[in-house]
Amino acid sequence: MAKNFESEITQFLKQYKAQNPDTEARQREGRYRLWDKQIDQELQDGYKAARTPQKPYVYYENN
């Protein structure tokens, strides 16, 4: 491939970002909303402590 080659996808993304300069900010906002959350460790420990063990095969009643 030539050094100056750009795929159609790369060209499209550059053009899209030039037309929509707020794209990266919106991406960061979406990531923050979905993934970058603060986890309450005390609450998580409570969930783990309250967990009950599951039987190996839940669909079979061994009487």
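A residue is called buried when its relative accessible area is under 20%, exposed when that area is over 50%, and partly exposed in between. By that rule, helix α2 is hardly covered, with a count of one buried residue among its 12 residues. The structure is a predicted model, and the remarks below concern its confidence, the helix α2 and the salt bridges.

**Confidence**

The average pLDDT of the chain is 88, and 94% of the residues reach at least 70. Helix α1, residues 8–19, has the highest confidence, at 96, while α2 has the lowest, at a mean of 91.

**Helix α2**

Helix α2 covers residues 23–34. From its first C-alpha to its last, α2 reaches 17 Å, close to the 16 Å expected for its 12 residues at 1.5 Å a residue.

**Salt bridges**

The count of salt bridges comes to six. Among them are the three in the table.

| Pair | N to O distance |
|---|---|
| Arg26 and Asp22 | 3.3 Å |
| Arg28 and Glu24 | 3.5 Å |
| Glu29 and Arg33 | 2.7 Å |

Arg28 and Glu24 both belong to helix α2 and are four residues apart, about one turn of the helix. Arg28 counts as exposed because its relative accessibility is 56%, over the 50% cut-off. Glu24, at 37%, counts as partly exposed.

Glu29 and Arg33 also both lie in α2, four residues apart, which is about one turn of the helix. At 44% relative accessibility, Glu29 is partly exposed. Arg33 has a relative accessibility of 53% and therefore counts as exposed. Through salt bridges that share partners, Lys17, Glu24 and Arg28 are joined into one network.

In the pair of Arg26 and Asp22, the salt bridge is made by the side chains. Arg26 has 42% relative accessibility, so it counts as partly exposed. Asp22, with a relative accessible area of 39%, is partly exposed. Both values fall between the 20% and 50% cut-offs.

**Summary**

Helix α2 holds both partners of the Arg28 and Glu24 salt bridge and both partners of the Glu29 and Arg33 salt bridge. Arg28 and Arg33 are exposed, whereas Glu24 and Glu29 are partly exposed. The helix itself has a count of one buried residue and a mean pLDDT of 91.

Methods:
Residues are numbered from 1 along each chain as its sequence is written. This is a predicted model: local features need pLDDT of at least 70, side-chain atom pairs count only at pLDDT 80 or more; totals for chains, interfaces and linings use all residues. Side-chain values use heavy atoms; hydrogens and water are left out. A salt bridge is a side-chain nitrogen of Lys or Arg within 4 Å of a carboxyl oxygen of Asp or Glu. Buried means under 20% relative accessible area, exposed over 50%, partly exposed in between (1.4 Å probe, protein chains only). Helices (H or I, at least four residues) and strands (E, at least two) are DSSP runs, numbered from the N terminus. pLDDT is the predictor's confidence in each residue, from 0 to 100. The expected span of a helix is 1.5 Å times one less than its number of residues.
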